[in-house]
Amino acid sequence: MRFPALVLAFLSFALALAQDRHTLSGYVKDAASGEALIGAGIYLPAIKKGTATNAYGYYSLTLEPGTYTVNTSYLGYGDRSITVELKADQVLNIELQPDAIIAQEVTITGKDARKNTESTDMGRAELDVQQVKLLPALLGEVDLLKTLQYLPGVKSNGEGNAGFYVRGGGPDQNLILLDEATVYNASHLFGFFSVFNADAVKNIELIKGGIPAMYGGRISSVLDISMKEGNDKSFHAQGGIGLISSRLTVEGPIVKERASFLLSGRRTYIDVITKPFIPDSSAFGGSGYYFYDVNAKVNYRLSDKDRLYLSGYFGRDVFTFANSDPDAPTFRIPWGNATVSARWNHVFGPKLFLNTTATFSDYRFEFKADQEFFAFSLFSGIKDVGLKMDLSHYASVRHTLKYGGQYIHHTYTPSTVEARTGTTDFDILAPSLLIAHEGAVYVQDEFDLTDEVRINAGLRFTGFAHVGPFDEFVLDEQGERTGTRTFSGGETVGSYFALEPRLSARYRLNERSSVKASFNRGQQYVHLASFSSIALPTDVWIPASREVKPLIGTQYAAGYFRNFLDNMLETSVEVYYKDMRNLVEYAEGAEPQANGNTNYYTQLVFGNGYSYGAELFVKKATGKLNGWVGYTWSKTMRIFPDINEGREFPSRWDRRHDLSVVAVYELNKRWNFAGTFVYSTGQAATLPVNRYFVEGNLVSEYTERNGFRMAPYHRLDLAVTLNNKEQRKVKDKTTGEVTYRTRRWRSSWTLAVYNVYNRANPYFIYFDNEGNVGDGSLQVVAKQVSLFSILPSITWNFKF
Amino acid sequence: MTNRALPLLLSTALVLALGACEKEITVDVPETEPRLVVEGTIEPGEPPIIILTRTQSFFAPTDLSSFAGLFVKNAVVIVSNGLVTDTLDMVCSSILTEEQILLAAEATGLDPQLLANVDICLYSTTNPAIYGEEGGVYDLRIEAEGKTLTSTTRIVPAVPLDSLWFRLIDQDGSDGDDSTGFLWARSIDPPAPNNFYRVMTRRLNTGDDGAALDATFAAPLGSTSNDQYFNGQAIEFIISRGSSSFSDPEDRGSTFKRGDTVAVKLISLDKASYDFYRSYENNVATQGDLFTQPANVRSNIEGGLGVWAGLHAYLDTLVCIP
């Protein structure tokens, strides 16, 4: 393997610094399953320095020779203290025991808490998947994305929706990575369930501010999800049966402690349950809806220095509307994501860790309608193939450098339509597939300037080019076609380059508190254009091109972080200001249409937006009672010259106040109680102010975009989980002696109640009219639709 | 149809699957100054007809007298074709005879009973020099209530219907319905692009009460189309029945019956008028639709709302026999 000159330069620089020092490095793993632990804390009290493991569980510390106590901690695991006499470079792999296996009560560790004030991280949150599983969930479906919405600065897109908005940014501004592959549409069934099966997920981290240079392509947040690798010591299975779906995950070694696999599946059975009630003979026989997900992963440790991972996700939603009447139309609407990532970790030396990832993602949406006289089909999708290299260089205990590069080849199908009426086939030109290249290189350094000041500075250089073949229609002022401009294969239609500075800094006030500040700028080369006010699979991804400028996001944030009660309570206050340029929306009155005969961006209008706010966060990560309280005050506005007559208007996800409370109480090893409460300012809505009549029909006149507020949203959910007994009694038949043996088979029941006090939260509001204006019988009313009333659910889970 | 099918299905699915509930609420609507609304048309061989109303607060009273109060009287309405400029006369329904009311209803699309019950005034002329002609360009200027409204439209050539026929829905007889169907039509779109169409229908046969089934022409929902996808081609298309908003709710529907005598208008119009009718129908159809972003109707009236439309209809009549 040859290094680029840049890398070599860094290496020699770092080596010069590191003379007479030795490196302690290795992996931190779960002792029971062999799973690498991401973000585990390594702390050396003697020098008050530490580090955290990377996404593969690797750490590296370069130190003066000497004897050190190495404290390792990870939430949900027992702490471990190891004394090391460092005389030469040394590999130290550390295994931590999960709490569940340790006999004593839950260990209280200060690891996460210390990270709160020590690191330069801002606006960052990790979810504990085990804790998420205890929280009440809609219809019992454990949902990682909906749990994220309980964090300050993260908002949901309305009732029951998994779509999320970070600090005033749209749902397309979140970079959602599943094992480093991009997931374009992270939800099932119109947003009610997310595509991530919690049983297959090891770690989930959200970065909503101070985004480091290693991430790019989206301006608002990064959601980094790591799938489990699979137990490399013994075979295990877990699963569950819920009201609407069942899950099963199996994992185990392929070659013990060298290679392992994980296979996880989930399928809903609404269609199976409703089938008996819709006999095939009925008018709608054959109609139904279901979704399924499959996650699979294998990994192989070639040597201490090399490790291979191959992981994939495949999910589909299928909605079928059939009709026994042969003259009536039938519909079929499949959509879904697929991702594959292949990764190779290589440790060049104790200080240099390389990860190479090849990724593939595919998102597609289809709609097919068929009837005797009429046929219609629509297809849209994205296909990405990418390659990425990331080097982590643990230069010294004060410097951690990361650099790397990324290339993605995008293929977009904006909307392809075929239609026929009678014997006439519509003359719809096939839109050219849009081909684009996206590339980035970055470098970042996290370093201690003084004992008090730590800085994470980075620079990312990105480029994007939309290339031919592409036909662009030349339109006159009336939007009528006058000609075509043809770009041949490989010819650049539009290209953009940008330097994206990223900076965050921490100033430690004392052992328990610090202040932090960050600045980051990013460019995003793809937009999501949405017709409706809710997230639908029909939303179309639109790449940047000559006429469609990339989104530019700039964020400033500052915060005060403080721990209380011996690091039991972590608190923070963050303020942010975010500026967004070149946002897109469909023009007022735009209609879904085929792209073949017009330019794919014809119906779009462009504008800007901003958001600012303050976020308060209090978290108790350990103890019998744990959870958090988050409160956000924020304002999110949009300014589009062609919308709302150019006047500023609130964004759809502008909520002035937003409060979340999440609590889990572990009564004992068998009983767990959990509750969540949310309150937020009502959603903005556009409603007519005036009416008039044309041909006797009532026409609505809208004045202010999002000028109305629905009633506030609030809801309480509760859940109780009962685990089976951890140990079983074994009576020796001959001696009569009673012993207790730990069960391998574990099962639990979770009873959850959604919307406990049955609040009719507004989902949307509309004005309706009935009757005839000509005879005075016209009636005009305002109506509010609410989705989920009080909804109990029960889920049975098992593992062995 | 295709635009509506998906949202309709999805919302049905939502409601079925999850038992959504709905309740009436009170919403405070801010008061704004009323705007003037024009519904003006001009056709070859016909005088211009202008109906002038105003907007009102969404939850304003809905009784007949408040509806009648929306019609603007004593406006100065001037139409010019470049050679002739004519100030239109105000005609109020209270002075019309029963026969004249029927004619007025036919010309305006307003309900004859409404014209008889409420004093509705509109603007027109008997000066043939300003009647519509193919290729004519017509300027409109209105002065009323301290406001000035202007617009321009043109009358484009009509496109003939090649053929027109009736087809039963239940083709194979499996549903035992041998009388309900749609009209089908064939037409050849002119070779030049940018043709815009609107379809209207009227059943001429009388009902049991002896009155015509449809007092006026009415447009079915989704009555507009353009040749973006079939420029210069022969096209077969389905025509469903238009229901006037004034018609008997029990007689609403999109189908015709065997034996109906149906007059069909294939109207050609310019882009601005087409944009108005299309966005107006969308505005009406998407009220209460969660899946669309609410949008105002696109008007070609400077200083007000509504439309000033040059229309050119090709008229054909068919007796529905499959």
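**Strand pairing and salt bridges in a predicted chain A**

Strand 38 (residues 604-620) and strand 39 (residues 625-639) of chain A run antiparallel and are joined by 13 bridges. This is a predicted model, in which local features need pLDDT of at least 70, side-chain atom pairs count only at pLDDT 80 or more, and totals for chains, interfaces and linings use all residues. Residues are numbered from 1 along each chain as its sequence is written, chains are lettered from A and ligands numbered from 1 in the order in which they are written, and side-chain values use heavy atoms, with hydrogens and water left out.

Two terms before I go on. Strands are DSSP runs of E with at least two residues, helices are runs of H or I with at least four, and both are numbered from the N terminus. Two strands pair if DSSP finds at least two bridges between them.

Back to the hairpin. A:Ala614 stands opposite A:Trp633 in strand 39. There are 4 residues between strands 38 and 39, and A:Gly623 takes a positive phi near 95° in this hairpin. Strand 39 also pairs with strand 41 (residues 657-666), antiparallel, over 9 bridges; here A:Tyr631 has A:Leu659 as its bridge partner. With strand 40 (residues 649-650), strand 39 makes 2 bridges, again in the antiparallel sense, and A:Arg638 stands opposite A:Phe649.

Next, an open sheet. Its 5 strands have the order 9-16-17-12-13 in chain A, with mixed pairing. Which are the edge strands? They are strand 9 (124-127) and strand 13 (181-182), each pairing on one side only. Strands 16 (residues 201-207) and 17 (residues 221-227) are antiparallel over 6 bridges, and A:Glu205 has A:Asp224 in strand 17 as its bridge partner.

Now salt bridges, meaning a side-chain nitrogen of Lys or Arg within 4 Å of a carboxyl oxygen of Asp or Glu. The structure holds 46 over all chains. One of them joins the side chains of A:Asp448 and A:Lys49 at 3.6 Å, N to O. A:Asp448 lies in strand 28 (residues 434-448) and A:Lys49 in strand 3 (residues 49-52), so the pair ties together parts that are 399 residues apart in sequence. For accessibility, buried means under 20% relative accessible area, exposed over 50%, and partly exposed in between, with a 1.4 Å probe and protein chains only. A:Asp448 is buried at 7%, and A:Lys49 is buried at 11%.

A second salt bridge joins A:Glu615 and A:Arg167 at 2.8 Å, N to O. A:Glu615 is in strand 38 and A:Arg167 in the loop between strand 11 (164-166) and strand 12 (174-178), so this pair ties together parts that are 448 residues apart in sequence. Both A:Glu615 and A:Arg167 are buried.

A third joins A:Arg581 and A:Asp579 at 3.0 Å, N to O. A:Arg581 is partly exposed at 39%, whereas A:Asp579 is buried at 15%.

Two single residues to finish. Is A:Thr72 buried or exposed? A:Thr72 counts as buried because its relative accessibility is 1%. A:Thr72 sits in strand 5 (residues 66-73) and, leaving out residues up to four places away in sequence, touches A:Val28, A:Gly41, A:Ile42, A:Asp79, A:Arg80, A:Ile94 and A:Leu96, where contact means heavy atoms within 4.5 Å.

A:Phe531 lies in the loop between strand 34 (526-529) and strand 35 (540-543) and is buried at 19%. A:Phe531 and A:Glu585 are 54 residues apart in sequence and 8.3 Å apart in space, C-alpha to C-alpha.
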